Structure formats: C-alpha cells, structure tokens
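I opened this notebook to keep track of what I looked up in one structure, written for someone who has not met it before.

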Amino acid sequence: MRTPILLVLSLAFISGSLSHFGTQNFLPRELAASGDVSLPSSYFTLEDILTVHFNFEADDSLTAAIIFHSPNQYFALGFGTSMSNADMWIFEISGSTVTARDFYSTGKVTPKSDTSRGGSEDLTVLGYEIKSDSTIVKINRKLNTGDSNDYRISEGKIDMIWATAGSSS
C-alpha cells in the first residue's frame, strides 16, 4: 500500500503556503468534464498543489471548487490537526470520472467511510473537469450535517489536513 503524503495546516479559509513536496508515480488520465465547474470568488491556495474556491451559501451549505494542480489520481482534505478524529473528503480520479466521498479517520490507519460508521454520505458533486495536469471538482455540503462523523463548518479559522498520492491504494 502506498503511503499518501499528509500535511497539517491551520487555515482561516483565506490563504496559506506550504513547501513543495516530491511527486508520485502518475497513472494515465482521460480528459473529461461534467456539470458545473464555475469557481466561487473566495479562495485560498496551498502552495502549488491545491486551490480551494468556496462560498457560504444562503441555505447553510458550503460550495467548494477544489483545483488539484497535479496529475495524481487521489487527493484528500480533512478537518482537524491530524488524522486522529478527522472528518475527511477523499477525491479519486478514475478514467474520465471523479468521485468524492465522505470519510472519518480515527488515527494513522486507513479512514473509513461515514456510511460504514453509521453516518451518511454528505458530499454532493456538482461538477468536475479532468485536465492533463490538474483536476477541478466542485462539491456542496451542509455546514452542519447532523452526522457525528462530520465537522461542523463555520466561517473563521479552521484546522485542516490534506493528502495526495498517485493512487488510493
């Protein structure tokens, strides 16, 4: 099993920077697009690997368009300061599709899906675009899902983690 790169950072949903890390082995990609990939105006950037555009919606949800500046097949964002007790959004590029799934991590072990822990899948994919060197995936999620596996999102400083790998295995 390939170990993903994991970084911990603290964000105010505005901006941040990280050192550039080495690349992984890349798998073939199919260029594709589906749905809405328009970018909300607020954003933060994590060095040259991730840009997250976001908007707090009137219906108490968050719309986020994540631009992953890498040909890797897998990336994840999480809420917390480590993999212990972290709500995670895991994205995987497979052929011409992008999936987004809702996970929860209890430590330095493979995270489990919220549904396998008695929770619910709370991410809705609004659209995605796969390019040769990057991927955009746009999602929506309620700020407070009522799921005990999910972080209650609010405006202000939020501790986040992220990971990337050539594949999820």
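The entries below go through the sheet, the salt bridges, the aromatic pairs and two backbone angles.

**Entry 1: the model**

I noted before anything else that this is a predicted model, and I read every value below with that in mind.

**Entry 2: the open sheet**

I looked up how the strands are arranged, and found that 6 strands form an open sheet in the order β2-β10-β11-β5-β4-β3, with antiparallel pairing. The edges of this sheet are β2 (32-35) and β3 (42-46), each of which pairs on one side only. From one strand to the next, the twist averages 20°.

I then followed one pairing inside the sheet, that of strand β10 (residues 124-130) with β11, which is antiparallel and runs over 6 bridges. Within this part of the model I located Ile130, which stands opposite Thr135 in β11.

**Entry 3: salt bridges**

How many salt bridges does the structure hold? I found 3 of them, and I took them in turn.

The side chains of Lys138 and Asp36 meet in a salt bridge, at 2.8 Å from N to O. Lys138 lies in strand β11 whereas Asp36 is in the loop between β2 and β3, so this pair ties together parts that are 102 residues apart in sequence. I also checked how open each partner is: Lys138 counts as buried, at 6% relative accessibility, while Asp36 counts as partly exposed, at 36%.

Lys142 forms a salt bridge with Asp59, and here the closest N and O atoms are 4.0 Å apart. This pair links distant parts of the chain, with Lys142 in strand β11 and Asp59 in the loop between β4 and β5, 83 residues apart. Lys142 is partly exposed, with a relative accessible area of 39%, and Asp59 is partly exposed too, with a value of 44%.

For the remaining entry on this topic I wrote down Asp87 and Arg141, whose side chains meet in a salt bridge at 2.9 Å, N to O. Since Asp87 lies in strand β7 and Arg141 in strand β11, the pair ties together parts that are 54 residues apart in sequence. Are these two residues buried or exposed? I found that Asp87 is buried, and that Arg141 is buried as well.

**Entry 4: aromatic pairs**

I went on to the aromatic rings, where the count comes to 6 aromatic pairs. In one of them, the rings of Phe68 and Phe75 have their centres 4.2 Å apart and their planes at 20°, so the pair is stacked; the reasoning rests on the cut-off that planes under 30 degrees apart count as stacked. Phe68 is buried, with a relative accessible area of 0%, and Phe75 likewise counts as buried at 0% relative accessibility.

Phe79 and Tyr151 form an aromatic pair that is stacked, with 5.2 Å from centre to centre and 5° between the planes. Where in the chain do Phe79 and Tyr151 lie? Phe79 is in strand β6 (residues 74-79) and Tyr151 is in the loop between β11 (135-142) and β12 (158-165), so that the pair, its members being 72 residues apart, links distant parts of the chain. When I looked up accessibility, I found Phe79 buried, with a relative accessible area of 2%, whereas Tyr151 is partly exposed, with a value of 31%.

I closed this entry with a cluster, in which ring pairs link Phe44, Phe54 and Phe56.

**Entry 5: positive phi angles**

I looked last at the backbone. Asp60 has a positive phi of about 60° although it is not a glycine, and its place is in the loop between β4 (50-56) and β5 (61-68). With a relative accessible area of 52%, Asp60 is exposed, because exposed means over 50%.

For Asn85, phi is near 55°, which is again a positive value in a residue other than glycine. Its place is in strand β7 (residues 84-94), and Asn85 is exposed, with a relative accessible area of 53%.

Notes. Residues are numbered from 1 along each chain as its sequence is written. This is a predicted model: local features need pLDDT of at least 70, side-chain atom pairs count only at pLDDT 80 or more; totals for chains, interfaces and linings use all residues. Side-chain values use heavy atoms; hydrogens and water are left out. Rings of Phe, Tyr and Trp (its six-membered ring) pair if their centres lie within 6.5 Å; planes under 30 degrees apart count as stacked, over 60 as edge-to-face and the rest as tilted. Buried means under 20% relative accessible area, exposed over 50%, partly exposed in between (1.4 Å probe, protein chains only). Helices (H or I, at least four residues) and strands (E, at least two) are DSSP runs, numbered from the N terminus. Two strands pair if DSSP finds at least two bridges between them. Axes are lines fitted to C-alpha atoms, for helices over the stretch in contact, and angles run from 0 to 180 degrees between N-to-C directions.
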